[in-house]
Amino acid sequence: MDLSPAAVGRAVAEVLDGADTGPRVERLDRGFSWVTLAVDDVIVRVAPMGGPLDPYDPEAEATNLRRVEGVVPAPRVLAVQPDPDNPIGRPFGVHTRVPGQVLRLGEVTERRPDYIAAAALALGKLHSLSAPVTVAEAYDAELDRTEAVYRRAAPDRHPEFEAALEWLRSHRPDCNESAVWCHGDFRFANLSWTGPGELGGILDWERAWPGDPMCDVAFTHRFSGWCTIDDSADYGHPLDQERLAYAARFERVRSFTASMRAIRAWLDGRSHDSRLLTIGRRGEQAMQTELDWAIG
């Protein structure tokens, strides 16, 4: 992978049919997953060789972004290069920059309710976008996909994880409501702000899926610190507490596939970032204590 300004400039110029002007390139990610570059006035998302969300498909993320265009604030797709035979050497997508900046949870000490309300309102708008399957069908499909990822990525068998999958299948909500488009990673770290409680955009759409809206709500409880959705006031949809409890377990189980894919990428030599090994080992240790509900 060549992330030099010269290579990035040529690659972006090719897909945007523009001139290579020797762009200013700034790396925005922290090196665990997608390589995210600010290239002049656009964002370039480069697929790494391996990582917690392996395999990386810029076309899939582009499809998700096109689906929500005009529904919620998000980057707009400018181009996709699925062929690694380009100056960068990896597939990538080019998106518009959303206004504002991403904040850390600890950086916000005032007007937190305004941030929570804006996040809830945006998620409610996203969940107004129905999908062509039922909630039950969406769960079945995602559980099948999660098991397939586990079988492919896990270096060893994990009895706790397999028991949790079986529990989720046997307790799956029998819900014939239409599924909605879920973000799949809705948390404070994936939101850009132009001011206190003023949402500039929602980022990182690679995990979006047709599913139970309670999954996104449960995800905020687990992974978004104080920025959680606890009622329907701004969210605008009813909260089903029984489905929410199931969704919390579902999201926790699904999250462990990231640590499995991280360690697999390291073991296979597709990435030499030892942090992936650390992520994988921590995930394995957490499974033993956090999935005890599945084995009684």
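The following legends describe close-up views of a predicted model.

**View A. An open sheet of three strands, in the order S6-S9-S10, with antiparallel pairing.** The edges of the sheet are formed by strand S6 (101-102) and strand S10 (198-202), each of which pairs on one side only. Strand S9 comprises residues 191-195 and is joined to S10 by four bridges, the two strands running antiparallel. Within this pairing, Leu-191 has Ile-202 of S10 as its bridge partner. In general, the strands of a sheet pair through backbone hydrogen bonds, in either a parallel or an antiparallel manner.

**View B. Helix H3 across strands S9 and S10.** Helix H3, residues 112-126, lies across both S9 and S10. Relative to S9, the helix runs at about 125 degrees.

**View C. Surroundings of Asp-185, in the loop between strand S8 (178-182) and S9.** The relative accessibility of Asp-185 is 8%, so the residue counts as buried, the cut-off being under 20%. Leaving aside residues up to four places away in sequence, Asp-185 touches Asn-190, Asp-204, Arg-207 and Phe-219.

**View D. Surroundings of Asp-273, in the loop between helix H7 (241-267) and helix H8 (274-290).** Asp-273 has a relative accessible area of 18% and is therefore buried, since the cut-off is under 20%. When residues up to four places away in sequence are not counted, Asp-273 touches Gly-31 and Trp-266.

**View E. Packing of helix H4 (residues 135-153) with H7.** The axes of H4 and H7 come within 9 Å and cross at roughly 25 degrees. Because angles under 35 degrees count as roughly parallel, H4 is roughly parallel to H7. The crossing in which H4 passes H7 is left-handed. The residues in the contact of H4 with H7 comprise 10 nonpolar, two polar and seven charged.

**View F. Residues at the contact of H4 with H7.** On the H4 side, the contact involves Val-135, Tyr-139, Glu-142, Leu-143, Arg-145, Thr-146, Val-149, Tyr-150, Arg-152 and Ala-153. These residues meet Arg-243, Tyr-246, Ala-247, Phe-250, Arg-254, Thr-257, Met-260, Arg-261 and Arg-264 of H7. Among the nonpolar residues in view are Leu-143 and Val-149 in H4 and Phe-250 and Met-260 in H7. The charged residues include Glu-142 in H4 and Arg-254 in H7, while Thr-146 in H4 and Thr-257 in H7 are polar.

Definitions and conventions: Residues are numbered from 1 along each chain as its sequence is written. This is a predicted model: local features need pLDDT of at least 70, side-chain atom pairs count only at pLDDT 80 or more; totals for chains, interfaces and linings use all residues. Side-chain values use heavy atoms; hydrogens and water are left out. Two strands pair if DSSP finds at least two bridges between them. Contact means heavy atoms within 4.5 Å. Axes are lines fitted to C-alpha atoms, for helices over the stretch in contact, and angles run from 0 to 180 degrees between N-to-C directions. Buried means under 20% relative accessible area, exposed over 50%, partly exposed in between (1.4 Å probe, protein chains only). Angles under 35 degrees count as roughly parallel, over 145 as roughly antiparallel, 65 to 115 as roughly perpendicular and the rest as oblique. A crossing is left-handed if the near helix is turned anticlockwise from the far one by less than a right angle, and right-handed if clockwise.
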